[in-house]
Amino acid sequence: RRPPATFPKSFLWGTATSAYQVEGAVNEDGRGPSIWDRFAHMPGTISDQSNGDTATDHYRLYKEDIQLMKALGAKAYRFSIAWPRVFPQGSGAPNPKGLDFYNRLVDELLANGIQPYATLYHWDLPQALQDRFGGWTSRDTSKAFADYAAHVTARLSDRVKHFFTINECSRLVHLGHEYGADAPGLKLSPSDVKQVRHNVALGHGLAVQ
């Protein structure tokens, strides 16, 4: 018989969320709308008509949520940063109150012995960029993402040592832009889908640089 599988001592057990799925507070402290805000409110897009307006209210209950993580023994928390909370228009002037939330979240995690793992993009593109450029169909969105990433990492990397750029690129490209099942709900031609894939990869590369 094989011996039971073991994990290395350095392995971190943790939990993971995404901003739109848990934060709620979609109109609080200057946050702008995202493509998921619009998509979730369009008739016929969500089978049970649910949306992230309140979600699990993590924006207000993050301290209690962190205590639940601690009670579970979690040593890491993978969360995402809502781009429209930090840049309501996607680019231009940042919203200080938006990043303040993530500063508080990171400090509370570290105070409770939980390592923060931040994802910069978990599909909640600022609606302003979708309206202005066509979202990920345009290289302008790739550049805006890089600028947003630079702004966030410059202010959090003194405490956050692990950043992810873009969550599940394939899903956001195909379900969001080819099949119309995810925000922004587009059904583009094969050549346009390839352009979206290129721009997402470009955004990742520019953000890393």
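Me: Does E23 count as buried or exposed in this structure?
Reply: The model discussed here is a predicted one, and the class of a residue follows from its relative accessible area, with buried meaning under 20%. For E23 the relative accessibility comes to 3%, so this residue falls under that cut-off and counts as buried.

Me: With which residue does the side chain of E23 meet in a salt bridge?
Reply: E23 sits in the loop between α1 (19-22) and α2 (35-40), while its partner sits in helix α4 (residues 83-86), 62 residues apart, and the pair thereby links distant parts of the chain. The partner counts as buried, at 1% relative accessibility. The N to O distance of the salt bridge is 2.9 Å, and the residue that meets E23 is R85.

Me: How many salt bridges does the count come to?
Reply: A salt bridge needs a side-chain nitrogen of Lys or Arg within 4 Å of a carboxyl oxygen of Asp or Glu, and the pair of E23 and R85, at 2.9 Å, is one that meets in this way. By this rule the count comes to nine.

Me: Which residues are linked with E28 in a network of salt bridges?
Reply: Two side chains of this network meet in a salt bridge of 2.9 Å, N to O, and they belong to D57 and R60. D57 is buried, with a relative accessible area of 17%, whereas R60 is partly exposed, with a relative accessible area of 46%. The residues linked with E28 in the network are therefore D57 and R60.

Me: What separates K143 and D147 along helix α7?
Reply: The side chains of K143 and D147 meet in a salt bridge with an N to O distance of 3.1 Å. K143 is partly exposed at a relative accessible area of 46%, and D147 counts as partly exposed at 41%. Because the two residues are four residues apart in helix α7, what separates them is about one helical turn.

Me: How many aromatic pairs does a search of the whole structure find, and why is the pair of F7 and F11 tilted?
Reply: The search of the whole structure finds 19 aromatic pairs. In the pair of F7 and F11 the ring centres are 4.7 Å apart and the planes stand at 50°, an angle that is neither under 30 degrees, as for stacked rings, nor over 60, as for edge-to-face rings. F7 is partly exposed, with a relative accessible area of 48%, and F11 is partly exposed as well, at 37%. The number of pairs is thus 19, and the pair of F7 and F11 is tilted because of its angle of 50°.

Me: What is the angle between the planes of F145 and Y148?
Reply: F145 and Y148 are three residues apart in helix α7 (residues 139-156), so about one helical turn separates them. F145 counts as buried at 0% relative accessibility, and Y148 counts as buried at 1%. Their rings form a tilted aromatic pair at 6.0 Å centre to centre, and the angle between the planes is 50°.

Me: Over the face of which residue does R132 lie?
Reply: For a charge to sit over a ring, the CZ of Arg has to be within 6 Å of the ring centre and within 35 degrees of the ring normal. R132 lies at 5.2 Å from the ring centre, and the residue whose face it lies over is F133.

Me: How are α8 and α9 oriented to each other?
Reply: Two packed helices are described by the angle between their axes and the distance between the axes. The axes of helix α8 (residues 169-177) and helix α9 (residues 190-208) come within 10 Å and cross at roughly 150°, and α8 passes α9 in a right-handed crossing. Since angles over 145 degrees belong to one class, α8 and α9 are therefore roughly antiparallel.

Me: How are α5 and α7 oriented to each other?
Reply: The axes of helix α5 (residues 96-111) and α7 come within 11 Å and cross at roughly 40°, and the crossing of these two helices is right-handed. An angle has to be under 35 degrees to count as roughly parallel, so α5 and α7 are instead oblique.

Note on methods:
Residues are numbered from 1 along each chain as its sequence is written. This is a predicted model: local features need pLDDT of at least 70, side-chain atom pairs count only at pLDDT 80 or more; totals for chains, interfaces and linings use all residues. Side-chain values use heavy atoms; hydrogens and water are left out. Rings of Phe, Tyr and Trp (its six-membered ring) pair if their centres lie within 6.5 Å; planes under 30 degrees apart count as stacked, over 60 as edge-to-face and the rest as tilted. Buried means under 20% relative accessible area, exposed over 50%, partly exposed in between (1.4 Å probe, protein chains only). Axes are lines fitted to C-alpha atoms, for helices over the stretch in contact, and angles run from 0 to 180 degrees between N-to-C directions. Angles under 35 degrees count as roughly parallel, over 145 as roughly antiparallel, 65 to 115 as roughly perpendicular and the rest as oblique. A crossing is left-handed if the near helix is turned anticlockwise from the far one by less than a right angle, and right-handed if clockwise.
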